[in-house]
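User: I'd like to understand how labels get attached to parts of a protein model. Can we go through some together?
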Amino acid sequence: MSESGEISEFGYIMELLARGKVTIRNIERELICPACKELFTHPLILPCQHSICHKCVKELLLTVDDSFNDVGSDNSNQSSPRLRLPSPSVDKIDRISRPGWKRNSLTPRTTTFPCPGCEHDVDLGERGISGLFRNFTLETIVERYRQAARAATAIMCDLCKPPPQESTKSCLDCSASYCNECFKIYHPWGTVKAQHEYVGPTTNFRPKILMCPEHETERINMYCELCRRPVCHLCKLGGNHSNHRVTTMSSAYKTLKEKLSKDIDYLIGKESQVKSQISELNLLMKETECNGERAKEEAITHFEKLFEVLEERKSSVLKAIDASKKLRLDKFQTQMEEYQGLLENSGLVGYAQEVLKETDQSCFVQTAKQLHLRIQKATESLKSFRPAAQTSFEDYVVNTSKQTELLGELSFFSSGVDVPEINEEESRVYNNALISWHHPEKDKADSYVLEYRKINRDEEMLSWNETEVCGTSKMISELDNNCNYAFRVRAYKGSICSPCSRELILHTPPAPVFSFLFDEKCGYNNEHLLLNLKRDRVESRAGFNLLLSADRIQVGYYTSLDYIIGDTGITKGKHFWAFRVEPYSYLVKVGVASSDKLQEWLRSPRDAVSPRYEQDSGHDSGSEDASFDSSQPFTLVTIGMKKFFIPKSPTSSNEPENRVLPMPTTIGIFLDYDKGKVGFYDMDHMKCLYERQVDCSHTMYPAFALMGSGGIQLEEPITAKYLEYQKDM
């Protein structure tokens, strides 16, 4: 495009602005600072290319750096991070760009703060605010907007004696406004000032030449295409832009002006399309309003039907209770009247007393026989008193648990989107939680939303956190230790949402995950043990070596245990790791051992040793009771034949009743090095099965021992981070 053509196109756009096709009042939101929400005042261009007021940059720095020196000089109150600082004068900001300017309080140390426009962290570097350009173009547009907004307000002459006259022009070199008479006086013909550049009345003055913030004496004459910012020739020769691709300022001006002109022209040409889409959005909003009200009316109708059913059932139940109550009260009343007749001077007793007064023997016998039978029957009822009815209404208790559960799941009709179900077997939690679910018709779901929240110890529920997922599994990171978390998921198809799945409650381990692999160099017996290439699984196979030990087995001895340890030691803090013991394992011992105890085990292997030698073997013995020490440099528990054996501790008074438990699917070990305590956990329920003290005066290692057929598999979260680290190394 030729230069004349470019000027013509740009002039066409400016003409549209002038004719009101694109009024300047419509761009107000582009002239609002994202920090203070007011019109820009001396805006600065951040490295992310967003603009922000100078005073707002200072406030943001104040929230990050309490030692910002300019705060103390402007205001003594530093307690509030939202302190409004007075706007710096134009001269004060311009002094930063003048030759010979030195670092002062306007230049904080290297500071990073979030940009209010894009919320990305912005690093101002060592020069701080002084390394930022003033956005003079934006200042000019803001000034034009102010003038358009206050067209009736005139700009007065700065040099007139009171009362000042209305100014007719402003001098860019003097940074002042003049009326006609004052301009002639201060800019006489034939002087240097007569050559000053002047414009129409304005209050916005900017330097005629843009200077480099890095090199105050150099003017901007190039444009860095990589950093997208103007630079000087010193920046290109030996500065931060020495290896960057730069272009001349005129070329950058022409290119960017052409792009901007085309963009504006395109947007103006699409004005009818935008208006059409706005009209469509208005119709959609009205339709949404009507549909929303209709949905509310339908929901109210459904709930009113439920209320009618409940009221009908309520009336029926209350009538049945009242009828039963009346029948029982009648029975009690009849029985009470019968017993009232047994009292003296009333009823049967009084009548019997009158009969005794009869002197005629034949008449007495005739009456007394029947009376004797009645009294005898009444006497028997006294001996075995039974109420005529029951007082309890247990048969009339309404069981609403099922209905309550159904009402709790009451939700909108899913319109064919089935409820996903969380797979509890594939879901597990450590420092991070891996939640997996399956969907009967997963091809019909566009996406899923996984919700999770922390449950406090007092069962208080916090608000749900949401994350959108495209697949059927998601890893949730940064979970707190030793806490309960609830998880649930729902499916989306377009704008239709399925009901939430049943909640899954998982308990995080009591400490961060400790990453390690099996050590194939320290004490590893490759004749008895088989270690895979990843070093996260070890197997012990009963074979020829066990047959060779048959003679010793006959005389009461057993083959030795084959030890293997983790390749990383623990010297402080709390750690947690987990593993699986294969169900077919004959005898496996797991736990922790100190470095000095491992040296004793691995340097002096015993060909034959009784399991009674180990106090933690799980076998009851007198030697175990006699030599038990509450704090040893190792702790191992025995697992085998699908059982978990809790060692006996004679020094402890709170022994568990059942010392043989079913073997958990996954076993976790928690070591608190600082307190010298180790615990063994059932990972399925995050329940501590056994805990005891351990001597942690030396480096502690995860320790394992196998005898006969067996296998141990470390859990993936225990090894994943470690393997990734090894790969990076």
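Analyst: Sure, let's start with Lys326, which counts as exposed at 55% relative accessibility. Keep in mind that this is a predicted model.

User: Why is Lys326 called exposed?

Analyst: Its relative accessibility is 55%, and exposed means over 50%, so Lys326 gets that label.

User: What makes Lys326 and Asp330 a salt bridge?

Analyst: Their closest N and O atoms are 3.4 Å apart. The cut-off is within 4 Å, so the pair qualifies. Both residues lie in helix H9, 4 residues apart, about one turn of the helix.

User: And why is Asp330 called partly exposed?

Analyst: Asp330 has a relative accessible area of 39%. Partly exposed sits between the 20% and 50% cut-offs, so the label fits Asp330.

User: How do you know that Lys597 is buried?

Analyst: Buried means under 20%, and Lys597 has just 11% relative accessible area, so buried it is. Lys597 also forms a salt bridge with Glu600, with the closest N and O atoms 3.5 Å apart. Those two are 3 residues apart in helix H15, about one helical turn.

User: What about Glu225 and Arg245, what makes them a salt bridge?

Analyst: Their closest N and O atoms are 3.3 Å apart, and the limit is 4 Å, so they count too. This pair links distant parts of the chain, 20 residues apart. Arg245 is exposed at 64%, while Glu225 is partly exposed at 35%.

User: How many salt bridges does the structure hold?

Analyst: It holds 17 salt bridges.

Note on methods: Residues numbered from 1 in each chain as written. Predicted model: local features only at pLDDT ≥ 70, side-chain atom pairs only at ≥ 80, totals over all residues. Heavy atoms only, no water. Salt bridge = Lys/Arg side-chain N within 4 Å of Asp/Glu carboxyl O. Buried < 20%, exposed > 50% of the residue type's maximum accessible area, 1.4 Å probe, protein only.
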